[in-house]
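Trainee: Please take one part of this model and describe it closely, beginning with how its helices pack.

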Amino acid sequence: MKAGKLQFSKPNKYWVESSQKRYVPCAEDTVLGIVVDCKADNFIVDIKGPATAFLPVLAFEGGTRRNIPKFVVGALIYVRVVKANPGMNPELSCIDASGKAAEFGLLKDGFMFETSTGLSRMLRSSPMCPVLEELGKQLSFEIAVGLNGRVWLNADSPSTVVVVSNAIMNSESLSEVQQKIMVEKLLQRIK
Amino acid sequence: MDSRLANTWRLTVNERKFIETALLSGIRIDGRNPYEYRKLSIKFGREDGSSEVQLGQTHVMGFVTCQLLQPYRDRPNEGTLAIFTEFSPMADPSFEPGRPGESAVELGRIIDRGLRESRAVDTESLCVLAGKLVWAIRVDLHILDNGGNLVDAANIAALAALLTFRRPECSLGGEDSQEVILHPPEEREPLPLIVHHLPIAVTFGFFSSESIMVIDPTHHEEAVMAGRMTATLNANGDVCAIQKPGGEGVLQSVIMQCLRLASRTAGDITKKINDAVEAYKTERASSKIKRHPASIALEGIGSGGNVKGKQNLSLNLRV
């Protein structure tokens, strides 16, 4: 059990939400991984966990021995954790449960930064968290959030990426109202 | 092997490309412009001679201690100053515990050179008994968090710690006045070190494409940049040391521009350090009024007076 904030949702659900710098792999999480090495059967991927994860070369949509994708070392990929058993390296996949590529795969260009796991969970919450909502009203950008505390951003101009990434990193300890105010101030300043 | 693979910090292809393209249009990933320094905060510990410096995400702790030792034979009437660095594995997974790595040695050397070659600390005033006993000042620098530009942060931590450090006063006594008596702080006010000027290290990062230069690089930029240069200057604009460890070649005109920028930055940082030290000293002075010296309290208790009552440490040094 990890320490964290006690959360409550109506009518009677309580849970403790923790936030760490390190990620503990869990099956069915979607994460952002960095390719560390390419082996014959697996890509070795760093997902910020205690051990590197394996991405089988056939775990792609319509994957056969003939069409193995090529990743350079240091490539950023959006993947799903399939197996996360203790004492084993986690296994990843680039296809969803129905065998489709969905959104998984290589992320080109853009910028990746690291956050805590709590912040990445907040960014993926529904309804949408106020930071992203307010920023999205004024700026256009593309975002991919991995539950392992990695966030990828892309936009037409580098300045937008810098503004959005810093706004997200600053929102770590702010309440919803504070987040809104912070984003409003920020957007006024850059205009 | 596997656990080490999982524990190292990596830079993705995306980040590398983004940092370079953003810099082409004069933008840095933390929103600064290329010639802007990060936010600097200096704090002091409860004891004299300890400092904690935060430069952006970089966090360094400095600690100064002193000891009476025999001087070096070629410098019989000068005290010594030594810098020790400690890179905690908690600051960055690439730091390994145990033997200091290459970067740890380089960091120590840069700071040591800046302080020593410019004679910033007056070592002659540290002499107690020429050829026999001098004060050896030791500066310990602990890297607590690596957010890039460790040299500058560690240098500021060392200066702030040296400025607030006070050594116990000592006098010569005994029949042939060869005996050194150390006075505890309650008896005689400890003496601060004599620091003539503050050599401030300012680091620049150079990127390969079209001679882009940034001041105070973060650890993301450090992973991408092609070359690095550290210039050590004081507030008067005197260059105390320059370190340019390999990497990309730099034009002479760029170096001159760096030095101009560094001298301006050194002025700002000197002011910040002096303000922080001044605030610390006034706080110390105001808290001293309420201080109850430990030795007086002990003497008040009485009976065990012989053991602890007189806290004078005496060192007999006879030829």
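Mentor: In chain A, helix H2 passes helix H3 in a right-handed crossing (the near helix is turned clockwise from the far one by less than a right angle). The model is predicted, so local features need pLDDT of at least 70 and side-chain atom pairs pLDDT 80 or more, whereas totals for chains, interfaces and linings use all residues. Residues are numbered from 1 along each chain, chains are lettered from A and ligands numbered from 1 as written, and side-chain values use heavy atoms without hydrogens or water.

H2 of chain A spans residues 130-138 and H3 of chain A spans residues 158-170 (DSSP runs of H or I, at least four residues). Their axes, fitted to C-alpha atoms, come within 10 Å and cross at roughly 160° on a scale from 0 to 180 degrees between N-to-C directions. H2(A) and H3(A) are therefore roughly antiparallel (over 145 degrees). From H2(A), A:Val131, A:Leu132 and A:Leu135 meet A:Val164, A:Ala167 and A:Ile168 of H3(A), with contact meaning heavy atoms within 4.5 Å. By class, this contact of H2(A) with H3(A) has 6 nonpolar residues (a class that includes Ala, Val, Leu and Ile), with no polar and no charged ones.

Elsewhere in chain A, A:Thr115 occupies the loop joining strand S9 (111-114; strands are E runs of at least two) to helix H1 (117-123). A:Thr115 is buried (under 20% relative accessible area, 1.4 Å probe, protein chains only), its value being 9%. Beyond neighbours within four places in sequence, A:Thr115 is in contact with A:Lys48, A:Ser120, A:Gly149 and A:Val151.

How values were computed:
Parallel < 35°, antiparallel > 145°, perpendicular 65-115°, else oblique. Buried < 20%, exposed > 50% of the residue type's maximum accessible area, 1.4 Å probe, protein only.
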